[in-house]
Amino acid sequence: MLLAGDIGGTKCVLALFSDELGPHHCIEVARYSSSDHDSLTAIVAHFVARYDARPATACFGVAGPVQNNRVQVTNLPWQVDGRALSAALNGVPVYLLNDLEAIANAIPILESQDVEILKPGEVDPEGPIAVVAPGTGLGEAFLFWDGQRYRAIPSEGGHTDFAPATALELELLSFLQPRLGHVSYERVCSGIGLPNLYAFLRDTGKYPEPDWLADDLSQAEDPTPIIVRAAQAGRAPLCEATLELFLAILGSEAGNMVLQILATGGVYLGGGIPPRILPQLQGDAFLRAFTRKGRFSDLLGRVQVEVIVDPRAALHGAANYGLLMSAAESD
């Protein structure tokens, strides 16, 4: 029996898995509001008691950089310590993964209904795989074939310097640098970054802001869903231009990752945003920017791009990793 979890700033999802059913099918699952609890240990204790669970191993994908099996959770005052969790679970092995590392570990077990092929291409079954996941932030990870299976490698690539690829994006960088200092890809290609694109197009006078939209945004805790919905409904050219710019930047960065790791195994778009904007991703803006790589445009034209639509990909990835580690220890 394995206890796996997807741990984020807003929610925690815990589930039980078994060797027999595998990492794609949970036995029990429960969702908790992160802010309602003082620690992950408290949530785990509640879950274990609720289901009378006695897991032999545990693995958690956690939003934050993992070092020495410890992580400070992003957007929560929690420090998760694998050793403390192990003690709370009667000494069973506990593995902590970065949330993008967890998503990457799901890719080898994804089923046909878990993905949408955005761009067909040639897939090397042992080639490196890139994962780009715009959600609240921008996560990135990689997978490499070790001769027997794929191994996921976490990264903080979303915080690298934003590199403009067009005249408009150069203007965007000039607009944001005095305001933000360091302009990373996350600042322009994520849920927290999309309002920066909106402000740029509005404040530079490129598109007017309708009064109704200004009113809606002034009352919203999170402006991103409002901007995206208005763009998809065709209600405001400002929002449509914002989403188009977002798609171009996402395509450019996904193409960058292909070149950085020679991702002949394909690119997977994860996170909360891509499944919600799938029709827009299928347009020209993303794919044009993805393949616009000069002398290497032909290479990008051959790479397959898929969107992960499984909302529990991180949970399944944590389960996959935990079951693999459990099997390795048994051997």
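**Exercise 1.** In this predicted model, find which residue of β7 stands opposite Arg-70, and place the strands in their sheet.

*Solution.* Start at Arg-70: its partner across the strands is Asp-81 in β7. Next, take the strands. β6 covers residues 70–72 and pairs with β7 over three bridges, in the antiparallel sense. Now widen the view. The open sheet has three strands, ordered β5-β6-β7, with antiparallel pairing. Its edges are β5 (66–67) and β7 (79–81), each pairing on one side only.

**Exercise 2.** Classify the ring pair Tyr-95 and Tyr-321, and say what it ties together.

*Solution.* The whole structure holds six aromatic pairs. In this one, the centres are 5.9 Å apart and the planes stand at 80°. Edge-to-face requires over 60 degrees, so the pair is edge-to-face. Tyr-95 belongs to strand β8 (residues 94–98) and Tyr-321 to helix α12 (residues 313–330), so the contact ties parts 226 residues apart in sequence. Both Tyr-95 and Tyr-321 are buried.

**Exercise 3.** Do the same for Phe-162 and Tyr-185.

*Solution.* The geometry is 5.5 Å centre to centre and 90° between planes: edge-to-face. Phe-162 sits in the loop between β12 (150–155) and α4 (167–180), Tyr-185 in the loop between α4 and α5 (194–203). They are 23 residues apart. Buried means under 20% relative accessible area. Phe-162 has 5%, so it is buried. Tyr-185 has 2%, so Tyr-185 is buried.

**Exercise 4.** Which residues make the nonpolar surface patch of about 270 Å²?

*Solution.* Met-1, Leu-21 and Ile-27 make the patch. Leu-21 lies in the loop between β2 (11–17) and β3 (28–33). Leu-21 is partly exposed, at 49% relative accessible area.

Note on methods
Residues are numbered from 1 along each chain as its sequence is written. This is a predicted model: local features need pLDDT of at least 70, side-chain atom pairs count only at pLDDT 80 or more; totals for chains, interfaces and linings use all residues. Side-chain values use heavy atoms; hydrogens and water are left out. Patches are made of residues with over 30% relative accessible area and no salt bridge: like charges are joined within 9 Å, nonpolar side chains (Val, Leu, Ile, Met, Phe, Trp, Tyr) within 5 Å. Accessible areas come from the Shrake-Rupley method with a 1.4 Å probe; for residues, only the protein chains shown count as cover. A salt bridge is a side-chain nitrogen of Lys or Arg within 4 Å of a carboxyl oxygen of Asp or Glu. Helices (H or I, at least four residues) and strands (E, at least two) are DSSP runs, numbered from the N terminus. Buried means under 20% relative accessible area, exposed over 50%, partly exposed in between (1.4 Å probe, protein chains only). Two strands pair if DSSP finds at least two bridges between them. Rings of Phe, Tyr and Trp (its six-membered ring) pair if their centres lie within 6.5 Å; planes under 30 degrees apart count as stacked, over 60 as edge-to-face and the rest as tilted.
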